[in-house]
Amino acid sequence: MSATFRAVARRGRRWLPVIGLADLGGTLGALTLPLVLGAAIDAMVTGGDARPWVLAAVGLAVLGVTCDLLDVWAGTMTVADAAAWLRERLVRHVLAVGPRGAARFDVGDLVSRVSGNAVDAAQAGPTLVTVVTAALPSLGSLVLLGLLHPWLAVAFVAGVALVALVLRAFAVHTTRAMAAYQRAQGRIAARLAESLAGARTIAAAGTVERERERVLEPLPTLHEQGRRTWLLLSRSGSQAAVVGPAVLVAVLATGGLLVTAGRISPGELFAAGQYAALGAGLGGLTGVFGRLARARAGGGRADEVLAVEPVRHGTRELPADGDGTLELRGVRVVEDGVRLLDDVTLVVPGGTVAAVVGPSGAGK
């Protein structure tokens, strides 16, 4: 996990507890609702008063909607704040490293990192909270199924374990594909920026078609990685779509046998089916894991920019009573172990005009 990913996740510490509490409230409501509905069904079967249970179910539904709205609002605030903070940090660092440091990246590539990739990385905090809290419905369903009857919990665990394996494989492969996709995006943006800067020269030389081919040369790679990402998403979604109903069928079949044997009531069978569907909903988290993969890839591309050492400046102040004379004594310039200048002594009197001439990388 990259340093930027962790920093962005910590950046949302003001809103992340709100997201966590909203997810927790929604989970508790979702776990309580099947029991309430099951009790209502049992009351109807036995001729009792089901109205209190129905009113409780309505209240739980309102709680779920409220928690969902709060989750969306807090998540949007977190992403917006983190994206603005990361963009400012990247821009300040690019200015600090100077032209030589920034030259390690093409202009278009830097723009893609600061714009699109920063937004992807800003998803880190809310997505992590969602991934963590997403396990709560399955754990709660497992506990409550065990309380209804141990055999229901056994049937549930076997299926959910398969869903977890599907999600783990999806997360690993999608992160790699998304990183390659963002790199190809950056190359296209870099070449496009170069072409736009030299548009007049390209038009005058009549090389528009050749330039178009150069700019779009990484497009097949972009297409392949995008296609790979969607294939992973569709494959994992299909696998989860098969495993999820299988969990529900296993729990309902087990529950049906238990109802026939008189070990659980019809209302408890209904609640068991709801818990099986709720717990197997882990398969629907492929979109969340996709956002997590984009956030990790975006954080890694931001790390590459932030890893460039900024230019180091001296701390001495100019004398207040000087006449503008500039004097260099024994100056040496070394870059990457190569000595560009050595023992340079120079005096430029104040009020004069001087020019330093030389090729790029000469130590000017």
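**Exercise 1. Contacts of Asp42**

Determine which residues Asp42 is in contact with in this predicted model, leaving aside its neighbours within four places in sequence.

*Solution.* Step 1: place the residue. Asp42 belongs to helix α2, which covers residues 16-46. Step 2: apply the contact criterion, heavy atoms within 4.5 Å. Once the neighbours within four places in sequence are set aside, the contacts of Asp42 are Ser265, Pro266, Gly267 and Glu268. Step 3: consider one of these partners, Gly267, in terms of the backbone. The C-alpha atoms of Asp42 and Gly267 are 5.1 Å apart, although 225 residues separate the two along the chain.

**Exercise 2. Helix α2 against helix α5**

Classify the mutual orientation of α2 and α5, and state which residues meet in their contact.

*Solution.* Step 1: take the geometry. The packing angle of α2 and α5 is about 20°, and their axes are 10 Å apart. Step 2: assign the class. Angles under 35 degrees count as roughly parallel; α2 and α5 are therefore roughly parallel to each other. Step 3: give the handedness. The crossing of α2 past α5 is right-handed. Step 4: list the contact. From α2 come Leu16, Ile19, Gly20, Asp23, Leu24, Thr27, Leu31 and Leu35; in α5 they meet Gly125, Pro126, Val129, Thr130, Thr133, Leu136, Pro137, Gly140, Ser141 and Leu144. Step 5: sort these residues by class. The contact of α2 with α5 comprises 10 nonpolar, seven polar and one charged residue.

**Exercise 3. Two packings of helix α1**

Describe how α1 is oriented to α3 and how α1 is oriented to α5.

*Solution.* Step 1: begin with α3. Helix α1 (residues 3-11) packs on helix α3 (residues 51-102) at about 135°, with the axes 9 Å apart. This angle lies outside the roughly parallel, roughly perpendicular and roughly antiparallel ranges, so α1 and α3 are oblique to each other. The crossing of α1 past α3 is right-handed. Step 2: inspect the residues. Thr4, Ala7, Val8 and Arg11 of α1 meet Asp81, Ala82, Trp85, Leu86 and Arg89 of α3. Five nonpolar, one polar and three charged residues make up this contact.

Step 3: turn to α5. The axes of α1 and helix α5 (residues 124-148) come within 7 Å, crossing at roughly 80°. Angles from 65 to 115 degrees count as roughly perpendicular, and α1 and α5 are therefore roughly perpendicular to each other. Step 4: inspect the residues here as well. Phe5, Val8 and Ala9 of α1 meet Ala124, Gly125 and Leu128 of α5. This contact has five nonpolar residues, one polar and no charged. Val8 appears in the contact with α3 and in the contact with α5.

**Exercise 4. A salt bridge across the sequence**

State how many salt bridges the structure holds, and explain why the pair Arg113 and Glu304 ties together parts far along the sequence from each other, 191 residues apart.

*Solution.* Step 1: the count is nine salt bridges. Step 2: in one of them, the side chains of Arg113 and Glu304 meet with an N to O distance of 2.8 Å. Step 3: Arg113 is in helix α4 (residues 107-121) and Glu304 in helix α11 (residues 286-306), so the pair links parts 191 residues apart in sequence.

**Exercise 5. The β1–β2 hairpin**

Establish in which sense β1 and β2 pair, and over how many bridges.

*Solution.* Step 1: strand β1 (residues 326-335) and strand β2 (residues 338-348) pair in the antiparallel sense, over seven bridges. Step 2: fix the register. Glu327 has Val347 as its bridge partner in β2, and Val333 stands opposite Leu341. Step 3: examine the turn. Two residues lie between the strands of this hairpin, and Asp336 in the turn has a positive phi of about 55°.

Terms used: Residues are numbered from 1 along each chain as its sequence is written. This is a predicted model: local features need pLDDT of at least 70, side-chain atom pairs count only at pLDDT 80 or more; totals for chains, interfaces and linings use all residues. Side-chain values use heavy atoms; hydrogens and water are left out. Two strands pair if DSSP finds at least two bridges between them. Helices (H or I, at least four residues) and strands (E, at least two) are DSSP runs, numbered from the N terminus. Axes are lines fitted to C-alpha atoms, for helices over the stretch in contact, and angles run from 0 to 180 degrees between N-to-C directions. Angles under 35 degrees count as roughly parallel, over 145 as roughly antiparallel, 65 to 115 as roughly perpendicular and the rest as oblique. A crossing is left-handed if the near helix is turned anticlockwise from the far one by less than a right angle, and right-handed if clockwise. Ala, Val, Leu, Ile, Met, Phe, Trp, Tyr, Cys and Pro count as nonpolar, Asp, Glu, Lys and Arg as charged, and the others, Gly among them, as polar. A salt bridge is a side-chain nitrogen of Lys or Arg within 4 Å of a carboxyl oxygen of Asp or Glu.
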